[in-house]
Protein chains: 2
Amino acid sequence: MNTASFITNIKKTVNLNEEEEKFIQSIFVPLRVKQGEFVERSGEITRYFIHVQSGCLMTYFTDKDALDHVAQFATAGWWTGDLHSITKGVPSIYSTRALADSEVLLLPKNSQEELLTKYPQMERYFRILYQNALVTHLHRIIQGHAEAADERYISFREKYPSLEQYVPLKYIASYLGITPEFLSKIRRRLMENR
Amino acid sequence: MNTASFITNIKKTVNLNEEEEKFIQSIFVPLRVKQGEFVERSGEITRYFIHVQSGCLMTYFTDKDALDHVAQFATAGWWTGDLHSITKGVPSIYSTRALADSEVLLLPKNSQEELLTKYPQMERYFRILYQNALVTHLHRIIQGHAEAADERYISFREKYPSLEQYVPLKYIASYLGITPEFLSKIRRRLMENR
DNA sequence: CGTCTATTTGAATGTACTCAAAAGCGGTGG
DNA sequence: CCACCGCTTTTGAGTACATTCAAATAGACG
């Protein structure tokens, strides 16, 4: 495992010279996680930005009744983790776990700060990354209000077809904000009507 | 109306020298809008980043049944508008309207690009702005799944007490993803039980 | 004061949830 | 290779949260 795919990813947004590439390669910590293992646990202060190289992770919130709510899935090329915890240094309310054997790159908080200070175009990279994520998140909020559960499920399948191979239905239900039982009933209706 | 309050805002995040301040002042377009007036209309390509100086705006999505869904409110110091439309150059799905007589600063897309290119610390400013917004948006998504409507309403009031003076209840209901009638019933229950 | 819109109220309805149980499915060991 | 175990998914009945529709009341503004 190496950082090549990540550097390819960055280069889609901003340019890097050789020195910058070398620096980036030097600060990422590669990690392999098996299915079910944690990358971050809620309650702890997040120390790493997480970049997925292969496999699939999910980040979720556990509420006062011990019910899990999936915040996001992350497959190859995606960033995940708890931005609030890492930037403000407060305990995280999210946990991140592997849904399949996965390879991830960890970017320690201090290294990211160094990266941003030394190479201003990395500010640009993260600015654009966050800008795009913001659009997606706001769309998800509005969709949650404007569409019924069956429409949200159909949209989800269209938008993230590659996730079906990794993600059990109960977590898709959680991501959509419904119960697994109800998702099952939605799926039956969709099967019967076509 | 001037850009002073906006520059104060930026300086909370990054440093600016005199030249930079002057440039910023030169590129913003001040605009006064009366209650009910549009700043952006859905269907049009957004050309400006919108910064609120005073008053209150709301940005909302109109669905296929002509129902409005409030995406966000913005009072003094906040940015709003449709990031997706302005960055990708596609027609906006959101409209932005004044909930009260307001003063706003418009940052034209081209000027923002120039600002970011000339002054890298402005990349940092927007990176941090978006980073914080991302945390808030994800929290809102999870809250929508983890909490019942009455809890979300209580949280909203605690988080944005200053909005009560501007925002009719029906828009708060929309922001929370419920009907005005149901919000009214929630409010009655809250009154009776304490 | 009258008009317009926002808010409240109530009854009927529907979408989605809870709980309990059965069925399916993948892995493991005999 | 089959039997069993644990976990996921499905099913069904009963329930609750939230919506729809219609109408009354309250508030804001000219």
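Helices (H or I, at least four residues) and strands (E, at least two) are DSSP runs, numbered from the N terminus. The model is predicted: local features need pLDDT of at least 70, side-chain atom pairs count only at pLDDT 80 or more, and totals for chains, interfaces and linings use all residues. Residues are numbered from 1 along each chain as its sequence is written, while chains are lettered from A and ligands numbered from 1 in the order in which they are written.

**Exercise 1. Describe the protein surface near DNA strand D.**

Solution.
- Step 1: Apply the cut-off. A residue is near a strand if its C-beta atom, placed from the backbone, lies within 6 Å of it.
- Step 2: List the residues. DNA strand D has 15 around it, and A:Pro168, A:Leu169, A:Lys170, A:Ser184 and B:Phe182 are the closest.
- Step 3: Assign elements. At least two residues each come from H7 (169–176) and H8 (180–192) of chain A, and from H8 (180–192) of chain B. H8(A) gives the most, with six residues.
- Step 4: Sort by type. Seven are nonpolar, two polar and six charged. Here Ala, Val, Leu, Ile, Met, Phe, Trp, Tyr, Cys and Pro count as nonpolar, Asp, Glu, Lys and Arg as charged, and the others, Gly among them, as polar.

**Exercise 2. Repeat the analysis for DNA strand C.**

Solution.
- Step 1: List the residues. Of 15 around DNA strand C, A:Phe182, B:Pro168, B:Leu169, B:Lys170 and B:Ser184 come nearest.
- Step 2: Assign elements. H8 of chain A, with H7 (169–176) and H8 of chain B, give two or more residues each. H8(B) gives the most, with six residues.
- Step 3: Sort by type. The surface near DNA strand C has seven nonpolar, two polar and six charged residues.

**Exercise 3. Find how chain A is laid on chain B.**

Solution.
- Step 1: Superpose by least squares on the C-alpha atoms of residues with pLDDT of at least 70 in both copies.
- Step 2: Read the result. A turn of 180° and a shift of 0.0 Å along the axis give an RMSD of 0.0 Å. The two copies are therefore related as by a two-fold rotation axis.
- Step 3: Locate the axis. A:Arg127 comes closest to it among the residues of chain A, at 2.0 Å (C-alpha).

**Exercise 4. Place B:Ile50 of S3(B) among its bridge partners.**

Solution.
- Step 1: Pair the strands (DSSP must find at least two bridges between them). S3 (residues 48–54) and S8 (residues 102–108) of chain B run antiparallel, joined by six bridges. Two bridges join S3(B) to S6 (residues 79–80) of chain B, also antiparallel.
- Step 2: Name the partners. B:Ile50 bridges to B:Leu106 in S8(B) and to B:Thr80 in S6(B).
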